[in-house]
Amino acid sequence: MKDKMLLSIVIPVFNGEKYLKKCLDSIFSQKKQVEFEVIVVDDASVDKTSFILEGFQEKYPNEIKVFHNLENQGVSIARNIGLEAAVGIYVAFVDADDLLTNNYFEYIDEKEDCDLVLFDMLKFKNEKEIKFRKGEGNIVEYGEEEGEVLIKAVLTDTGLPGKSKVNLASPCAKLYRRKFIEHYNLRFLEDVKIGEDMLFNVQVMAYQKKMKYISETVYCYRQHSKSAMHGYNEIFIEEDKKFSLNLSKILEDLEVSEEIGELIYRNALGGLVQCLRRQIFSEESKLTQKEKYALIDNIIIQEPYRTAIRKCRNIELKWKQRMIVWMLRKRWYGAIAFLVQKCG
C-alpha cells in the first residue's frame, strides 16, 4: 500500500466543526480514483471536530488517519506531524475550512518528476459564490535558474508573473514531492506564528530543480471577515521580529543576492504597519496613549525596523504604508492612530 500511495493530504484543524465535513466531503467525492490518504491533525479542538472525524474514520478506515494533540500547539506543529506521517509520492496541504474541486485528482501524475506543482486558487466567502470556470490548462515549467525570481515573488506576494491567482506564500493549491521535502529536511518553523508559510516556501523555491504551474483551479480558499483574520494580537510585534530574524537567517544561508536580501526591510515595514493596526492602535488594546507612544518609540529604534524606516524611500510600498512610515519619521502618532482606525 505504501509503495502505491500517490498522495498524502495533510489537514491541520482546530475547532473546525463548521466547515470540516464540507472539506472532507470535497476530498472523498473526487471523480478520479487514486491511491491517497488523508492525515488530519486535530490541534486540541474543544468543539465537535472529534465527533466529525470519528464518522469519517468509520466510513473510510483505510484512507484517513487522525492525530490528536493533547494541547493546542499551532498550525506549524500540526502540519509537521502530518509530514512525518505521510507516505505518498506527493504531499498536499489543505486547510480545514477550504474545498477541493472534484477534478483535483485528475492533475496528479505518478510519473511526474517535478519537485512542486502549482495550481490556481479560487477565493470565496460562501459556497453560493463558487462558480467554476474551466481553465486553459496551460503548463509553464520553471527550473532552479529562476530560484531568486520565485523567492522574490513569495516575499512580495506578487505570484508568478502574469498568474495572479497563484499564491506562492501559501502551502495550499500545491503538490510537494515528498522525497524532495525529505531530502532538504524542510519543515514549518514551529516557534514562528506569523509568516511560517512564507518561510517554508522561500526554501522550497530556492531548492526546487523543476516546478510546474498548471492553469486550472483545483483549490477553493474560504475568505473570512477582516476581523477574524486580522484581529487584535497583543504580541504581534514580538512574533513579527521572530519572523524577520528567521527570514534573515534563511536568506543568509541561501546566499541570495543583495536585491533579495533587501526585501527583509520591505517585509519589516509591512509587519510594522500591521503591528500598529492589530496591536498598538487596536480598539481592544488596553494601553494608555502614553504607553502606546512609548512602545512605538521603542520599536522604531530596533532592527530591522530602524533600518527599514531609513531605507523606505527605496522600498516599494503601498501609498498608505508609505504615509504611515513618513508619519513615524515625524512621530505623528496621533495621525497614525486616526489613519489605521478610520481607514483600516
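Two helices, α4 (147-156) and α10 (263-280), each contribute at least two residues to the lining of the second largest pocket. The model shown here is a predicted one. The volume of this pocket is about 270 Å³. Its lining can be followed along the chain: Lys152, Thr156 and Thr158 come from the stretch in and after α4, and further on are Glu259, Glu262, Leu263, Arg266, Lys311, Asn314, Ile315 and Glu316. Sorted by character, the lining has six charged residues, three polar ones and two nonpolar ones.

Helix α4 is a useful place to stay for a moment. Seven of its ten residues are buried, so the helix is mostly covered, where buried means under 20% relative accessible area. The buried residues are Gly147, Leu150, Ile151, Ala153, Val154, Leu155 and Thr156. Thr156 thus appears both among the buried residues of α4 and in the lining of the second largest pocket. What do the buried residues of α4 pack against? Their partners are β7 (139-143), α6, β9 (210-222), α8 (236-254), α9 (258-261) and α10. Just after the helix comes aspartate 157, with a positive phi of about 55°.

One residue of α4, isoleucine 151, shows this packing in detail. Leaving out residues up to four places away in sequence, isoleucine 151 touches Val202, Met205, Ala206, Leu251, Leu254, Val256 and Ile260. Isoleucine 151 also belongs to the largest nonpolar core, which has 42 residues. Within that core, the residues with the most contacts are Ile151, Leu155, Leu160, Val202 and Leu251. Helix α6 (residues 196-207) provides six residues, the largest share of this core. A separate core of 39 residues lies apart from it, and its members include Val38, Val94, Cys114 and Tyr219.

The next stop is toward the start of the chain. Asparagine 15 is found in the loop that links β1 (7-13) to α1 (20-28). Its phi is near 50°, which is a positive value in a residue other than glycine. Is asparagine 15 buried, exposed or partly exposed? Its relative accessible area is 31%, so asparagine 15 is partly exposed.

Serine 26 sits in helix α1. Serine 26 counts as buried because its relative accessibility is 9%. Apart from neighbours within four places in sequence, serine 26 is in contact with Leu99 and Leu100. With leucine 100 there is a polar link too: the side chain of serine 26 reaches the backbone nitrogen of that residue at 3.1 Å.

Later in the chain, several loops between helices deserve a look. In the loop between α11 (289-299) and α12 (305-310) lies proline 304. The peptide bond joining glutamate 303 to proline 304 is cis, with omega about 5°.

The loop between α12 and α13 holds lysine 318. Lysine 318 is exposed because its relative accessible area is 64%, and exposed means over 50%. How far apart in space are lysine 318 and phenylalanine 56, C-alpha to C-alpha? The distance is 45 Å, and the two residues are 262 residues apart in sequence.

The last residue on this route is arginine 331, in the loop between α13 (319-330) and α14 (333-342). Arginine 331 has a positive phi near 60° and is a residue other than glycine. Its relative accessibility is 45%, so arginine 331 counts as partly exposed. Which residues is arginine 331 in contact with, leaving aside its neighbours within four places in sequence? They are Asp297 and Ile300. Arginine 331 and aspartate 297 are 34 residues apart along the chain, and their C-alpha atoms are separated by 8.4 Å. The side chains of these two residues are joined by a polar contact of 3.4 Å.

Note on methods:
Residues are numbered from 1 along each chain as its sequence is written. This is a predicted model: local features need pLDDT of at least 70, side-chain atom pairs count only at pLDDT 80 or more; totals for chains, interfaces and linings use all residues. Side-chain values use heavy atoms; hydrogens and water are left out. On a 1 Å grid over the protein atoms alone, a cavity is a set of points where a 1.4 Å probe fits but cannot get out, and a pocket is an open set with protein on both sides within 12 Å along at least five of seven lines; lining residues have an atom within 4 Å of a point. Grid points are joined across faces, edges and corners, and a volume is the space filled by probe spheres set on the points. Helices (H or I, at least four residues) and strands (E, at least two) are DSSP runs, numbered from the N terminus. Ala, Val, Leu, Ile, Met, Phe, Trp, Tyr, Cys and Pro count as nonpolar, Asp, Glu, Lys and Arg as charged, and the others, Gly among them, as polar. Buried means under 20% relative accessible area, exposed over 50%, partly exposed in between (1.4 Å probe, protein chains only). Contact means heavy atoms within 4.5 Å. A polar contact is a pair of N or O atoms within 3.5 Å; within protein, one must be able to donate a hydrogen and the other to accept it, and residues adjacent in sequence count only if both atoms are side-chain atoms. A nonpolar core is a set of buried Ala, Val, Leu, Ile, Met, Phe, Trp, Tyr and Cys residues joined through side-chain atoms within 4.5 Å.
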